[in-house]
Amino acid sequence: MISIRLISTLCIISLTMLAGCSDQKKKEVTSTLNWYVFNEPSGAFATAARNCSENSRNTYQIKLVPLPVDPDQQREQLVRRLAAGDQSIDIIGMDVIWTAEFAQAGWILPWRSEMKKEALAGRLSAPLQSVMYQDEMWGVPYTTNAQLLWYRTDRIKEAPATWDEMIHLAETLGESGIIQAQGERYEGLTAFFISLLATAGGSVLDTRHEKISLAQQPTLQALSTMARFANSSAADRTLSTTREDQARLAFETGHSSFMVNYTFVWSSIQQNAPGIAPHIGWARWPSLSKDKPGRTAIGGINLAVSAHSRYAQSAFQAAVCIASEQHQRIAATLGGLPPTIAALYDDTRIRETFPFADVLRATLRDAVQRPQTPLYNDVSLAISRTLHPMRNIEPDKDYIRLRDAISRALSSKGLL
Amino acid sequence: MPRRNEQPKQRQRRHNEWYQAWLLCAPAVLVLILITAYPILYAIWLSFFQYDLRFPDQRTFIGLDNYISILTSEVWWQAFGNTFILTVSSVTLELMVAFPLALIMYHTVLWRYAVRTATLLPYAITTIIAAFAWKFAFDPTTGFINALSGMEQAWLTQSWSSFLVIILTEIWKTTPFMALMLLAGLTLVPHELIQAARADGANAWQRFMKITLPLAKPAILVAVLFRMLDAFRIFDTVFILTRGAQGTETVSMVGYNTLIVSLNLGLGSAVSVLIFISMLIISALFIWGFNIKTGVDQK
């Protein structure tokens, strides 16, 4: 009797241990990867996360952790966690302007060898440049973006090529001659200035992104254009509080004839303002002279792997899968987010979603990177604070103030 | 504490009581030290360093340099001026609106609870929500203020009108708090005194000026002090309405931008310490200047 009891007890113990072992094994294999990214409403990111989890054959499960829509708020939430060494972050939906800051602080891992090769394949050069910092690659380009000029074809025969031309045209149109642009004191105003400056042939920092550049002639040209626009009848009276979304809403009411904005406005106009949708034309962002095209600051999301992640290897694989051609196609067709893979701009379905694909590709080819410095956030604050509101810009005076503010931002000393 | 002229037995008993009292208070004191004193001391300590979370390895002791840099900065003094304007104007106007409200709440016989609830309702609404409601109301295209007034004003694009909207939002939101504090003050006025004055032939104005106001003065001053301290830290209303644009930045926003946005722990902590010192000065001015009786003095 004793021996039977002993054997059965031993059996139970060993079975329990085996079950325990298999449980442990299962846990090791299935790691949950948290992907922190802005709350994308169409479900394109969720589809990519689900597909990649399934394709991994239970190696990992991707869990979406939504961040706010406003990029400033996204950054604030992320940097607080990253600086505190939060291990729950695995994949980061990283705005193109955060690369240098996150890399310098040691919050994200560099991409090397095989993974780097996969992340590079077939990508457009502008989004690729946005993941580079100090000769290392810090993410895989997922979606990209650039502003175009949107205008009313029923009011204007041909899109204006330069800002001067556009302001002049708008002034002659009377009440409906409004140009929608971003003039609130935030990143959008900085991007607007950087685009104008690049179009004029200048840059905020030198080629090594360390010292202030701001050559006098192009900076003055950019500042004069901003002042002229803001003080003309072509500027909306709420320009100093307008962001991308307010500009879109105002344009959809039909009272404006021009708008500089990102490509998300296209699907929005189709849905919200079907009456004016057939009369919408698009063109390159206006230039400052007829012989050089307008250059705009590139936007978009890159995928980076957190340095504190417990499953870094899986996170790299997952990021490559999310940013693959298949999922970029979904992000473009479902969410209206332009792809970073060059070949997709010739894809029939994508060209149906983005009838402006060729103009967008050309815009991206000439796009400008915002300064790739770890202190970009401070530099951006310095620019938007000095130049807001646009109507008060005095080019000569503000040129000196701008140089002073950016120098202070770069030395990381004093209040901004 | 034990007293000298007591019997040894009594002294022993007092000593035990004193000891027990401290033992009972100890957990609360400990928690307070942990959650209040420690962060304050840590912020003071950090304020002497150049310490940026983006460059965690470059932490160096720089003494009072952060303070010098802030106090010589145009940004700080402009924000300080803005905060001062917002604090003084909103608290003064609130006091003027809250007094009649408190009197109405005090004297209402019919529907007393309904009147009090209606008056206190704005205070129950989260500041962020209240600020959004006012932002939408003043929006030139979708808001009702322009539609009702027949104006075509883009309120949040000019400095003066932005200040006006911020002050109005603050008044709407926090007047109930002031009224509640004043109501507490009014209930302290003994009814017999008012009746005696009435029997002596004093009219309503005289009764208010000579009896109610002097007796309610400590409560009024405490209410004003509390609101001043609160208003000086104004953040959420401005953040939602203007984000500090149009020259409406306050000292709390400077702290937020330095600490949370720029991750500059040293400089940001120095800003926080300066705000803390400003509040101490306001409290000291009130307590000594207006001779507010604290609980200890009244004994």
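Here is a walk through the structure above, from the interface between its chains to a helix pair and a salt bridge inside chain A. Keep in mind that this is a predicted model.

Let's start where chain A meets chain B. The contact draws on 31 residues of chain A and 34 residues of chain B. Together the two chains bury about 2,500 Å², and carbon and sulfur atoms account for 51% of that. On the chain A side, three residues stand out: A:Arg185, A:Arg237 and A:Leu415 supply 26% of the area that chain A buries against chain B, more than any other three residues.

Now for the polar side of this interface. Four salt bridges run between chain A and chain B. One of the residues to look up is B:Arg54, which forms a salt bridge with A:Asp378; their closest N and O atoms sit 3.1 Å apart. There are also 11 residue pairs in polar contact across the interface, counting pairs with both residues at pLDDT 80 or more.

Which elements of chain A give two or more residues to the side that touches chain B? They are helix H3 (71-83), helix H4 (99-104) and helix H16 (376-387). H3(A) gives the most, with seven residues. If you sort the residues on this side of chain A by character, you get nine nonpolar, nine polar and 13 charged.

Next, turn to a pair of helices within chain A. Two packed helices are described by the angle between their axes and the distance between the axes. For helix H10 (residues 244-252) and helix H11 (residues 264-272) of chain A, the angle is about 40° and the axes are 10 Å apart. The crossing of H10(A) past H11(A) is right-handed. H10(A) brings A:Glu244, A:Asp245, A:Arg248, A:Phe251 and A:Glu252 to the contact, while H11(A) brings A:Phe264, A:Val265, A:Ser268, A:Ile269 and A:Asn272. By character, the residues of this contact divide into four nonpolar, two polar and four charged.

Finally, back to salt bridges, this time over the whole structure. Over all chains there are 34 of them. One that's worth finding on screen joins the side chains of A:Asp347 and A:Arg329, at 3.0 Å from N to O. What does this pair tie together? A:Arg329 belongs to helix H13 (325-335) of chain A, whereas A:Asp347 lies in the loop between helix H13 and helix H14 (348-353), so the salt bridge links parts that are 18 residues apart in sequence.

Technical notes. Residues numbered from 1 in each chain as written. Chains lettered and ligands numbered in written order. Predicted model: local features only at pLDDT ≥ 70, side-chain atom pairs only at ≥ 80, totals over all residues. Heavy atoms only, no water. Contact = heavy atoms within 4.5 Å. Buried area = accessible area lost by both parts, 1.4 Å probe. Polar contact = N/O pair within 3.5 Å; in protein donor to acceptor, adjacent residues only side chain to side chain. Helix = DSSP H or I, 4+ residues; strand = E, 2+ residues; numbered from the N terminus. Nonpolar A, V, L, I, M, F, W, Y, C, P; charged D, E, K, R; others polar. Axes fitted to C-alpha atoms, helices over the stretch in contact; angles between N-to-C directions. Left-handed = near helix turned anticlockwise from the far one by under 90°.
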